[in-house]
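Work through the exercises below with the sequence and the model open. Try each task before reading its solution.

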Amino acid sequence: MEMNSEKHSARFSEFTTRLLISILATVISIVLTFGTARWWENRKQDKTRRMMAMMVIHDIDESIEKIRDMIEWDEEGRALTMRLLANIDSLERFPADTLSEFINYLIPGVYNPGWEFDKSNEAIFNSSQESWNTLNDMTFIRNVQKCYHYRSILEQEREEWIYFQKPVSKEESYEMIMNVEALQDEAFFIPLCKRLLTDSKVRHYVDNSFWRCYLYNNILSACMELNESNRFLMNISDEQLKEFEKKTVEQRHKASKKEIIGSWSFSSGEDYSAEITFRKDRTLTNRHEFRYSSPVYSGKIKVIATMNGTWEMTRDSLIRNYDLSSLEVTVDDSGISYRPENEEIVQKSLDSMHSGALKEEIKASLANDNRNAGTVYLSANGKKMELSDGEELPTLYTRVTKTD
């Protein structure tokens with residue numbers, strides 16, 4: 001009897017062990033499947049949340065930089081006006097570009113694309129309830145709404161507030177710009193600037209710079225404070241935001257010598273284009289094409305300047321040495337026409353260009369600048385090249401051919 005009992009106990013123990021193992025296996029398998037899936041889903045939602053938060057924070061940061069530019073423009077315009085006012089009897093000492101800058105400070109309708117706010121991210125943020133659900137933080141959402149609201153206020157005030165109204169009317173500006181003969185004469189700027197400097201409306205506009213900058217700075221500080229709060233709420237560091245900025249643009253990498261061989265082109269509108277060719281033997285050719293228009297003729301004069309040189313790579317820097325003696329300049333005026341009364345002034349310009357004076361002037365300007373060194377990066381697909389020269393903004397070239 002005892003033996004049967006022991007056998008039964010052994011069988012029961014074995015059954016219990018197997019059952020326990022089966023239950024544990026089932027529990028673990030559930031955790032591994034559903035638990036992992038839920039964990040992964042939470043991770044995915046958190047990543048989406050942070051990406052959306054960084055997108056909005058980055059957008060507001062860009063708006064903050066635009067407001068800073070507006071403040072700088074107004075402060076520099078005021079400083080320039082005061083400098084000219086202090087030298088009102090000797091304005092001829094100032095270059096025409098400086099006087100022109102002063103006039104642009106006072107006339108309406110001067111367009112600067114750097115002051116235009118990009119509303120695309122704001123539209124995405126406000127139009128989708130899913131965006132708010134994803135962010136899942138009402139303090140963050142309210143901060144963003146406030147920033148966009150302040151930005152809207154600034155745009156409205158720039159349009160309507162009396163302190164932003166320019167002292168020169170649109171009609172006066174029209175007469176200035178349409179007076180082609182006067183604009184071609186640098187002496188025209190001096191009496192005009194003197195008249196503007198003694199105009200009471202101009203003085204009031206300059207004095208009211210205080211109120212404009214007061215509004216700018218208040219909105220600037222409010223947006224900066226709210227955006228810093230958003231960084232804190234989402235635990236986003238400056239380094240993480242910089243990394244996000246890099247990922248939002250096309251992936252790039254440092255270029256190798258082999259990768260940049262070939263021809264690359266750059267175009268800036270209809271009036272300027274460039275092409276640079278890097279060859280295997282480390283020689284290069286730089287070609288620039290300019291198209292000039294003028295009020296005294298229709299069509300455009302085409303000027304092509306080419307120069308040869310050599311190139312080399314040092315780490316991520318591309319060094320270009322140019323041979324000034326190889327400079328060639330051609331002028332093509334076949335595409336212009338003009339009225340008989342403008343023939344003299346047009347011919348003088350053409351004679352100057354064809355005589356070689358233009359070529360010598362270019363040489364003189366390059367005399368101490370025939371060596372360029374800058375960083376070079378390529379896009380992931382190798383079709384775009386970002387080339388910088390010192391502290392200048394980088395230029396983005398498009399591949400024309402892969403080999404010469």
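**Exercise 1. Burial and surface**

Task: State what share of the chain's residues count as buried, and what share of the exposed area carbon and sulfur atoms supply.

Solution:
- Start with the chain in this predicted model. It has 404 residues, and 33% of them count as buried.
- Next, take the surface. The chain exposes about 25500 Å².
- Split that area by atom type. Carbon and sulfur atoms supply 53% of it.

**Exercise 2. Fold and contacts**

Task: Count the helices and strands, then find how much of the contact set joins residues 24 or more positions apart.

Solution:
- The chain contains 14 helices and 10 strands.
- Consider the contacts with a separation of 6 or more. Residues 24 or more positions apart account for 66% of them.

**Exercise 3. Asparagine 235**

Task: Place asparagine 235 in the chain, decide whether it is buried or exposed, and list what it touches beyond four places in sequence.

Solution:
- Locate asparagine 235 first. It sits in the loop between helix H10 (209-233) and helix H11 (238-248).
- Check its accessibility. The relative accessible area of asparagine 235 is 61%. Exposed means over 50%, so asparagine 235 is exposed.
- Look for contacts, leaving out residues up to four places away in sequence. Asparagine 235 touches Arg50 and Gln240.
- Take the arginine. Asparagine 235 and arginine 50 lie 185 residues apart along the chain, yet their C-alpha atoms are separated by 9.0 Å.

**Exercise 4. A nonpolar patch**

Task: Which residues form a nonpolar patch on the surface, and what is their accessible area together?

Solution:
- The patch consists of Phe210, Trp211 and Tyr214.
- Together they have about 350 Å² of accessible area.
- Phenylalanine 210 belongs to helix H10.

**Exercise 5. Strand S9 and its partners**

Task: Sort the side chains of strand S9 by face, then trace its pairing with S8 and with S10.

Solution:
- Strand S9 covers residues 384-387, and its side chains alternate. Met385 and Leu387 point to one face and are buried. Lys384 and Glu386 point to the other and are not buried.
- Turn to strand S8 (residues 371-379). S8 and S9 pair in the antiparallel sense over 3 bridges. Tyrosine 377 has glutamate 386 of S9 as its bridge partner.
- Inspect the connection. S8 and S9 form a hairpin with 4 residues between them. In the turn, glycine 382 has a positive phi of about 75 degrees.
- Finish with strand S10 (residues 395-401). S9 and S10 run antiparallel, joined by 4 bridges. Here, leucine 387 has threonine 395 of S10 as its bridge partner.

Notes: Residues are numbered from 1 along each chain as its sequence is written. This is a predicted model: local features need pLDDT of at least 70, side-chain atom pairs count only at pLDDT 80 or more; totals for chains, interfaces and linings use all residues. Side-chain values use heavy atoms; hydrogens and water are left out. Helices (H or I, at least four residues) and strands (E, at least two) are DSSP runs, numbered from the N terminus. Buried means under 20% relative accessible area, exposed over 50%, partly exposed in between (1.4 Å probe, protein chains only). Contact means heavy atoms within 4.5 Å. Accessible areas come from the Shrake-Rupley method with a 1.4 Å probe; for residues, only the protein chains shown count as cover. Patches are made of residues with over 30% relative accessible area and no salt bridge: like charges are joined within 9 Å, nonpolar side chains (Val, Leu, Ile, Met, Phe, Trp, Tyr) within 5 Å. A salt bridge is a side-chain nitrogen of Lys or Arg within 4 Å of a carboxyl oxygen of Asp or Glu. Two strands pair if DSSP finds at least two bridges between them.
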